[in-house]
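This report looks at a metal site, a strand with its partners, a helix residue and a pocket. Please keep the sequence and the model in view while reading.

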Amino acid sequence: MTENELKLREELVAQYQRMGQLGLNELSSGNLSTRFGDNMLISGNGATSESIAVDTIVECSFDGDWEGPRKPSSEWRMHAAIYKQHEEVQAVVHTHSDYCVALASSLKPLPGFHYLVGVFGGSDVPCVPYSTFGSQSLANDAAAALTDRTACLLGNHGMIARGIHLKRAANTAYRLELMCRQYVLASQLGTPALLTDAEWEDFFAKAEENQYGKGI
Ligand SMILES: [Zn+2]
C-alpha cells in the first residue's frame with residue numbers, strides 16, 4: 001500500500017467516525033468514499049463507526065469490481081455514478097441522518113427558508129424520487145441532482161453529498177442535516193417565509209464576491 005493510499009484510508013476512517021460522533025450515520029446507515037485513481041475507496045458493506053478500519057475499506061471500480069474478503073457498500077453504484085459524471089468530485093458521503101430523512105419522507109425539496117440553503121449551490125436542495133437502495137435508477141437520479149448542487153435528499157431514504165475532499169463532503173452532509181433540522185423547527189411555528197428571487201440574486205452576488213460557501 002502506498003503512503004497516499006494509506007492516508008486516504010485513514011482520512012476515510014476518521015471522517016466515518018466523526019459522522020458517527022455527530023449521530024449522522026448510526027448503525028450501518030451511511031457510507032463514505034473517496035476517488036482513488038480510476039477506482040474508489042469505499043466503506044465496506046455493513047460498516048459501522050465502531051467497526052470501520054483502514055483494512056476494512058474496499059477498493060472498488062466504477063463497474064463494481066472489487067477483490068478481497070469484503071464487499072463494497074451496497075450503495076457503490078450511487079458513489080460511482082457521481083464520480084463518473086462529475087470529474088471534480090473527490091469524495092462522496094451518504095447518510096440516513098434524522099432530519100434529512102424526515103424531509104425526504106415527504107419527497108419535497110428543502111426550500112430556501114434560510115440564506116445558508118444557498119451554500120449547496122441554489123435556492124433549494126432537491127429531493128430525488130424514491131428508488132430501491134443500491135439501484136442504478138437511484139444512482140442516476142442522485143448523480144443528476146448533484147450537477148448544480150453539492151447535496152440532495154433521497155426520497156424515503158436519506159441524503160448524499162459530494163466534495164473536493166472527504167472533510168468537505170462530510171461537512172456538507174452535516175450542514176444539510178442542520179438546515180433540515182432548522183427547517184423542521186421553523187415549520188412547527190407555521191409556514192416559514194422563503195427568500196424571494198431578488199433576495200437570492202443578491203445572496204449569490206454577495207457569495208460570489210466573498211467566495212462564500214467554498215469553505216463548508
Ligand atoms: Zn442508504
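## The zinc site

His96 counts as partly exposed because its relative accessibility is 31%, whereas His157, at 10%, counts as buried; here buried means under 20% relative accessible area, exposed over 50% and partly exposed in between, with a 1.4 Å probe and protein chains only. The model is predicted, so local features need pLDDT of at least 70 and side-chain atom pairs count only at pLDDT 80 or more, while totals for chains, interfaces and linings use all residues. Residues are numbered from 1 along each chain as its sequence is written, and side-chain values use heavy atoms, with hydrogens and water left out.

The zinc ion has His94 (NE2), His96 (NE2) and His157 (NE2) as its protein donors, at 2.0 to 2.1 Å. Donors are N, O and S atoms within 2.8 Å of the metal (3.2 Å for Na, K and Ca), and water is not among the atoms, so sites may look incomplete. Along the chain the donors follow the spacing H-x1-H-x60-H. The pair of His96 and His157 links distant parts of the chain, 61 residues apart: His96 is in the loop between strand 4 (91-95) and helix 3 (98-104), and His157 is in the loop between strand 6 (151-154) and strand 7 (158-163). Helices (H or I, at least four residues) and strands (E, at least two) are DSSP runs, numbered from the N terminus.

## Strand 1 and its partners

Seven of the seven residues of strand 1 (residues 30-36) are buried, so this strand is largely enclosed by the rest of the structure. Gly30, Leu32, Thr34 and Phe36 point one way, and Asn31, Ser33 and Arg35 point the other way.

Strand 1 runs antiparallel to strand 4, with five bridges joining them, and Leu32 stands opposite Val93 there. Strand 1 is also joined to strand 2 (residues 39-42) by four bridges, again antiparallel, with Arg35 opposite Met40; two strands pair if DSSP finds at least two bridges between them.

## Gln15 in helix 1

Gln15 lies in helix 1 (residues 3-21) and is buried because its relative accessible area is 6%. Leaving aside neighbours within four places in sequence, Gln15 is in contact (heavy atoms within 4.5 Å) with Leu32, Leu166, Lys167 and Ala170.
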